Each structure stands twice: as structure tokens, then as C-alpha cells.
Amino acid sequence: MAGLDFSGIQQFDPHSEPSLLASQWKEWLQRFKRCIVAFDIKDKARKRALLLYLAGPKVETIFATLSDTGEENDFDKAIENLTEYFAPKKNILYERHIFRQVSQRSDETQLTNSVHD
């Protein structure tokens with residue numbers, strides 16, 4: 001592994017624009033996956049270690065706070081947890097507010113429940 005050059009993989013910034021975080025993580029992860037295929041890295045423990053190392057210390061700190069990250073050789077679980085962490089969070093109160101603002105338009109017909117008819 002001494003001859004492998006990972007300089008093309010920049011550290012991931014988990015504190016960038018929140019609205020772009022999920023898509024940036026997806027792009028970074030795809031680049032990382034192409035890299036491990038190109039370097040023919042098959043060992044899952046090594047993949048996981050490289051994932052955390054190349055993502056950078058900020059991501060390693062976040063990863064350390066996550067629950068149920070699997071064993072040292074559980075590469076897929078590490079990706080799953082980090083992807084879930086960087087996924088956009090839904091504001092339930094806001095979503096509920098938007099739902100309650102919905103009203104029937106004049107061109108929509110009212111549905112009736114056939115159970116009560």
C-alpha cells in the first residue's frame with residue numbers, strides 16, 4: 001500500500017452548507033468507491049479504515065458519536081451510518097404546517113369514503 005497515491009481524494013467537510021451536505025457526501029463517497037476499486041482494495045477492514053482516514057478528522061469525530069457502527073471490518077455499516085447522518089433532516093413541525101395549509105382547489109372533486117355511504 002506504500003505506492004498508493006490518495007492525494008486526489010480531499011477530506012470531506014461535514015460543516016459545509018447544510019442544504020448541499022447530502023449531495024456532497026454522495027459525490028465524495030462515489031469518488032472514494034472509485035478509488036478503492038482502482039487500487040484493488042478488497043479487504044473490508046482496510047476499506048473502512050481508509051474511508052474514515054481519507055474523510056478526515058471531522059468525519060472521524062462524527063463517526064465516533066454514532067451508535068451501532070458495526071465491527072472494524074463492517075465497511076457497509078460505516079457507509080450506511082454516515083450516509084444517514086449526512087442525509088437532510090426533516091423539520092416535522094414545518095412539514096405539518098405545510099400539510100395543514102393544503103386546500104381543495106375549485107377544479108378538484110371531493111372524494112367520499114365508500115365505507116360511510
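Student: Where is the place of T69?
Tutor: In this predicted model, two helices bracket the residue. They are α3 and α4, and the place of T69 is in the loop between them. The location asked for is therefore the loop between α3 and α4.

Student: Is T69 buried or exposed?
Tutor: Buried means under 20% relative accessible area. T69 has 15% relative accessibility, so the residue counts as buried.

Student: Which residues is T69 in contact with, leaving aside its neighbours within four places in sequence?
Tutor: One of them, F63, belongs to the contact of α3 with α4 on the α3 side. A78 is on the α4 side of that contact. The full list for T69 is R48, F63, D74, K77, A78 and N81.

Student: How are helix α3 and α4 oriented to each other?
Tutor: Two packed helices are described by the angle between their axes and the distance between the axes. The axes of α3 (residues 57-65) and α4 come within 11 Å and cross at roughly 100 degrees. Angles of 65 to 115 degrees count as roughly perpendicular. That makes α3, relative to α4, roughly perpendicular.

Student: How do the residues of the contact of α3 with α4 divide into nonpolar, polar and charged?
Tutor: From α3 come V59, I62 and F63, and from α4 come A78, L82, Y85 and F86. The division is no polar, no charged and 7 nonpolar.

Student: How are α2 and α4 oriented to each other?
Tutor: Helix α2 spans residues 44-55 and helix α4 spans residues 75-86. Their axes come within 8 Å and cross at roughly 30 degrees. Angles under 35 degrees count as roughly parallel. That makes α2, relative to α4, roughly parallel.

Student: How many residues of the contact of α2 with α4 are charged?
Tutor: The α2 side consists of K44, K47, R48, L51 and L52, and the α4 side of F75, D76, A78, I79 and L82. They include 6 nonpolar residues and no polar ones. The charged count is 4.

Student: Which backbone nitrogen lies 2.9 Å from a polar atom of the side chain of D43?
Tutor: D43 lies in the loop between α1 (21-38) and α2. Its side chain reaches the backbone nitrogen of A45 at 3.3 Å. The backbone nitrogen at 2.9 Å is that of R46.

Student: What separates the C-alpha atoms of D43 and F75?
Tutor: D43 counts as partly exposed, at 46% relative accessibility. F75 is one of the residues in a cluster linked by ring pairs. D43 and F75 are 32 residues apart along the chain, and their C-alpha atoms are separated by 9.2 Å.

Terms used. Residues numbered from 1 in each chain as written. Predicted model: local features only at pLDDT ≥ 70, side-chain atom pairs only at ≥ 80, totals over all residues. Heavy atoms only, no water. Axes fitted to C-alpha atoms, helices over the stretch in contact; angles between N-to-C directions. Helix = DSSP H or I, 4+ residues; strand = E, 2+ residues; numbered from the N terminus. Parallel < 35°, antiparallel > 145°, perpendicular 65-115°, else oblique. Contact = heavy atoms within 4.5 Å. Nonpolar A, V, L, I, M, F, W, Y, C, P; charged D, E, K, R; others polar. Buried < 20%, exposed > 50% of the residue type's maximum accessible area, 1.4 Å probe, protein only. Phe/Tyr/Trp six-rings, centres within 6.5 Å; stacked < 30°, edge-to-face > 60°. Polar contact = N/O pair within 3.5 Å; in protein donor to acceptor, adjacent residues only side chain to side chain.
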